[in-house]
Amino acid sequence: MQGHTEVGEWELATVEEAAVRLRMSKSTVLRMIHSGRFAELHIRVLKPGRDWRIHLDDLDAYIASGLAPEREPGVPVLVRISGLAELFLQQGIAELDDDDPLGAFAAELLERIEGREPSEARGFIADESIDAELSAHARDARTRLPRRHPMRSGLNAVTPQYL
C-alpha cells in the first residue's frame with residue numbers, strides 16, 4: 001500500500017487510503033475525524049505532522065466487525081466521460097496487464113456508459129465514493145505509468161461534478 005507508514009508496531013494509513021477502504025470520499029473521512037466519529041468507533045487517529053494518519057488495525061477491525069456501512073450515503077456526483085477520455089481509457093486498458101487494477105477500474109467506468117452516444121455530456125450518476133476511487137487510481141497512474149501513457153490521460157479527462 002503506498003503512502004502508509006509504520007510507527008513502532010503500528011501501521012498508519014493516509015486519509016486517502018482510509019477513504020478507499022471505507023468507500024467514502026476523503027472529505028467524509030476528514031469530517032468523521034474532526035467530528036470525533038472515529039474516536040466513538042475506537043479508531044485511533046494521529047497527526048504526526050501536517051496530515052492525519054489512521055491506525056490500520058483499528059480501521060480493519062471496524063470494517064471486519066460488520067458495523068461499517070456497505071456504502072456511506074453520499075453526495076451525488078455526475079461522472080462525465082467524453083469521447084476522447086473513452087478513447088484514452090480503451091487504449092490504456094490495451095497497454096496494461098490483464099490483472100492491473102487500473103485497467104479493471106477503467107473497464108468498470110466504460111461499462112457504465114456502454115451503449116450511449118459519445119458526447120461531451122455523456123456520463124453517469126454515482127455517489128461521492130467514485131470521486132475518491134478516481135483520485136486514488138489517477139494518483140496510482142501518475143506514480144506507475146510513463147508520462148504519455150493513455151491511461152493517465154484517460155483518467156485525467158474523466159470529470160466528476162458534485163450535484
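**Values set against their cut-offs**

Me: What makes Arg144 count as partly exposed?

Reply: In this predicted model, Arg144 has a relative accessibility of 40%; buried would require under 20% and exposed over 50%, so Arg144 falls in between and counts as partly exposed.

Me: How do you know whether Asp100 is buried or exposed?

Reply: The relative accessible area of Asp100 is 9%, and since the limit for buried is under 20%, Asp100 is therefore classed as buried.

Me: Why is the contact of Asp100 with Arg144 called a salt bridge?

Reply: The closest N and O atoms of Asp100 and Arg144 are 2.9 Å apart, and the criterion asks for a side-chain nitrogen of Lys or Arg within 4 Å of a carboxyl oxygen of Asp or Glu, so the pair qualifies.

Me: What does the pair of Asp100 and Arg144 tie together?

Reply: Asp100 sits in the loop between helix H5 (83-95) and helix H6 (101-112), while Arg144 belongs to helix H7 (residues 129-144), so the pair links parts that are 44 residues apart in sequence. Through shared partners, salt bridges join Asp100, Asp140 and Arg144 into one network.

Me: What makes Arg44 and Asp58 a salt bridge, and where do the two residues lie?

Reply: Their side chains meet at 2.7 Å, N to O, which satisfies the limit of within 4 Å. Arg44 is in the loop between H3 and strand E3 (45-46) and Asp58 is in helix H4 (residues 56-64), so this pair connects parts that are 14 residues apart in sequence. In accessibility, Arg44 is partly exposed at 40%, whereas Asp58, with 13%, is buried.

Me: Which element holds the pair of Glu40 and Arg37?

Reply: Both residues belong to helix H3 (residues 37-40), where they are three residues apart, about one turn of the helix. Their side chains form a salt bridge at 3.2 Å, N to O, and Arg37 has a relative accessible area of 36%, so the label partly exposed applies. The structure holds seven salt bridges, among them this pair.

Me: Why is the term roughly parallel or roughly perpendicular chosen for H1 and H2?

Reply: The axes of helix H1 (residues 15-22) and helix H2 (residues 26-35) come within 8 Å and cross at roughly 105°; because angles of 65 to 115 degrees count as roughly perpendicular, that is the term for H1 and H2.

Me: Which residues make the contact between H1 and H2?

Reply: Val15, Glu16, Ala18, Ala19 and Leu22 of H1 meet Lys26, Val29, Leu30 and Ile33 of H2. By class, this contact comprises seven nonpolar, no polar and two charged residues. The buried residues of H1 are Val15, Glu17, Ala18, Ala19 and Leu22, and they pack against strand E2 (10-14), H2, H3, strand E4 (53-55), H4 and H7.

Me: What makes E6 and E7 edge strands?

Reply: Three strands form an open sheet in the order E6-E5-E7, with antiparallel pairing. Strand E6 (123-127) and strand E7 (159-162) each pair on one side only, as edge strands. On average, neighbouring strands of this sheet are turned by 30° against each other, direction ignored.

Me: How do you know that E5 and E7 pair?

Reply: Strand E5 (residues 76-80) and E7 share four bridges in the antiparallel sense, and at least two are needed, so the pairing criterion is met. Within E7, Thr159 stands opposite Arg80.

Note on methods:
Residues are numbered from 1 along each chain as its sequence is written. This is a predicted model: local features need pLDDT of at least 70, side-chain atom pairs count only at pLDDT 80 or more; totals for chains, interfaces and linings use all residues. Side-chain values use heavy atoms; hydrogens and water are left out. Axes are lines fitted to C-alpha atoms, for helices over the stretch in contact, and angles run from 0 to 180 degrees between N-to-C directions. Buried means under 20% relative accessible area, exposed over 50%, partly exposed in between (1.4 Å probe, protein chains only). Angles under 35 degrees count as roughly parallel, over 145 as roughly antiparallel, 65 to 115 as roughly perpendicular and the rest as oblique. Contact means heavy atoms within 4.5 Å. Ala, Val, Leu, Ile, Met, Phe, Trp, Tyr, Cys and Pro count as nonpolar, Asp, Glu, Lys and Arg as charged, and the others, Gly among them, as polar.
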